[in-house]
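Dear colleague,

I am handing over the structure we talked about, and my notes on it follow below. Please read them with the coordinates open beside you.

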Amino acid sequence: MVAHVAEHPWVAEARATPDGAIIVRADPAVTTAGPRPGPLLQEHLDHWAEVYDWVYQDAAGRHADDLDLSGWRASDTGLPLPTEHMREWLACTVGLVLGQRPERILEVGCGTGLLAHRLHPHLNGYVGTDVAPAAVHRLGRAGLPRTAFVQAAAHETSGAGVRAAMDAVFGPDVAPDCVLLNSVTQCFPGLDYLATVLRQALGTVADGGTVIVGDIRHSGLLTEHFTWLEQSREPGHETDLQARVRAAISADEELSFSPSAVVSMLAGQDWPVRMSVRARTMEDNTELTRYRYDLVLHVGAESSFDGEAPVRAVPWSHQPGEDVAATLRAALADQPVVVSGIPNALLNDGPAAVTPYALRQAVGELDAVVLLDPYDPRLLAVAAPAACGFLTVDALSALGGATGPEAHEPLAGFVRRRLPEVLRDHLRRRAPGLRPPRIVVADADDRATP
């Protein structure tokens, strides 16, 4: 039966083990991200498309035409996230996007239109894409002015259908000045696919525009995230907690990545890019605030901070009992400045720790932004003016290495589950009546052991 397994086009190598199992190594072509997705990677994408199409058809979280929260549930309880928290989440995201002063937005993964409904009145044009037909059809029927919606996957933004929609809304051959991917990267299979999508976004956006990747799960906080989840699910069971956390992370089906992973992708690209890593600043202490972040990429030679004075770096000097706003405003008085090394009180219990929300409240209406340290997600920073919160790829690369893993990629786990199913079906067709053996997928660089 080894020969029958080895002949399958998705298999690069197959061999039998003494206990009767077959170890296989997948052909790299089946998991490639581009220029066209390989068949196993495409199956991963199709799985998420089916999941969200069902969720949007069911519409269990639909409160109004512009507030369909279907699919937004807490990981620990499975219950819908609080509506008011989601309203603030929306307000923060809309503020992040409009803060870049876009006129024409291409949103990749527009979902139920939570952002489309709030952004389009401020724009000259908006085009949204999504893999779920139910979402695209419903938004198309909504009749929002100066908008168009297209069924397309994230890697298909340069396709003819999306280009035709942009021509109709923006004008012939007019590029968007903002490409937005918000709360979609968790459905991506891995970093190669993310890199493919980012390259398309950078190639699509107008020079001087922005690419915003929002609501990203941070891989450097996976252990904290899943420790919290396991403690919530089984409170008081601490003896095997670490083993449960490792198993839960291994089985996790969503992509997480750090800012340093994106820095590595951007290094050597043809486009001049500056990046700003933003903290999530909602008031409620939830997984959306603790373990996620946003990236804003300014694209083109005109995107740099043009202030004549050098940007000062000031360490956080807050003392217990002092007013946070007073400490911060004193530090920001001599701009341009970045106040760094601020412990995030959602993840640190030290005396100088402050929540992202408290920092947002402290800067008020100032031209300032709350940042996440690009290499330590437990630390925050504040930049004023906001433009000096952007760093070049070279500057980010020089800052150091990531704290924790650069990424958790679900594709490998999907292949370990799916490829044996495909091969067992193949064996049943090739050798009817014989019971298929146990099939184990080895890692790409592991030819010896299951």
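How much space lies in the largest cavity? Before the answer, one caution: this is a predicted model, and everything below is computed from it. The largest cavity holds about 70 Å³ of space, and a search of the whole structure turns up 3 cavities of 30 Å³ or more. Its lining is made by 14 residues, of which Thr289, Arg290, Arg292, Asn344 and Leu372 are the closest to the centre. Two elements each give two or more residues to this lining, namely α11 (287-290) and β12 (292-299). Sorted by class, the lining of the largest cavity comprises 8 nonpolar, 3 polar and 3 charged residues.

Thr289, one of the residues closest to the centre of that cavity, also leads to a histidine elsewhere in the sequence. His85 belongs to helix α3 (residues 83-98), and although His85 and Thr289 are 204 residues apart in sequence, their C-alpha atoms are 10.0 Å apart in space. When neighbours within four places in sequence are left aside, the contacts of His85 are Met282, Asp284, Thr286, Leu288 and Thr289. His85 is classed as buried because its relative accessible area is 1%, which falls under the 20% cut-off.

Turning to the nonpolar interior, the largest nonpolar core has 86 residues, and those with the most contacts inside it are Val24 and Val211. Helix α7 (residues 191-204) supplies the largest share of this core, with 8 residues. Apart from this core lies another, of 31 residues, which includes Leu67, Trp89, Leu115 and Leu119. In soluble globular proteins, nonpolar side chains tend to be buried together. As for Val211, if residues up to four places away in sequence are not counted, it touches Val179, Leu181, Leu198, Ala201, Leu202, Val205, Leu295, Val296, Leu297 and Val299.

Helix α5 (residues 133-141) has as its buried residues Ala134, Ala135, Val136 and Leu139. These buried residues of α5 pack against two helices and two strands, α2 (39-58) and α4 (114-119) together with β6 (125-130) and β7 (147-151). Just after α5, Gly143 adopts a positive phi of about 70 degrees.

Two further residues with polar or charged side chains may interest you. Is His408, which is found in strand β18 (residues 407-408), buried or exposed? His408 counts as buried because its relative accessibility is 12%, and its side chain reaches the backbone oxygen of Ile249 at 3.4 Å. Beyond its neighbours within four places in sequence, His408 is in contact with Ser219, Leu222, Ile249, Ser250, Asp252, Glu254, Leu255 and Ser256.

Glu230, for its part, is found in helix α8 (residues 222-233) and likewise counts as buried, because its relative accessibility is 8%. The side chain of Glu230 makes a polar contact with that of Arg233, at 3.3 Å. Residues up to four places away in sequence being set aside, Glu230 touches Leu241, Arg244, Val245 and Ala248.

With best regards

Definitions and conventions
Residues numbered from 1 in each chain as written. Predicted model: local features only at pLDDT ≥ 70, side-chain atom pairs only at ≥ 80, totals over all residues. Heavy atoms only, no water. Buried < 20%, exposed > 50% of the residue type's maximum accessible area, 1.4 Å probe, protein only. Polar contact = N/O pair within 3.5 Å; in protein donor to acceptor, adjacent residues only side chain to side chain. Contact = heavy atoms within 4.5 Å. Core = buried A, V, L, I, M, F, W, Y, C linked by side-chain atoms within 4.5 Å. Helix = DSSP H or I, 4+ residues; strand = E, 2+ residues; numbered from the N terminus. 1 Å grid on protein atoms, 1.4 Å probe; cavity = no way out; pocket = protein on both sides within 12 Å on 5 of 7 lines; lining within 4 Å. Points joined across faces, edges and corners; volume = space filled by probe spheres on them. Nonpolar A, V, L, I, M, F, W, Y, C, P; charged D, E, K, R; others polar.
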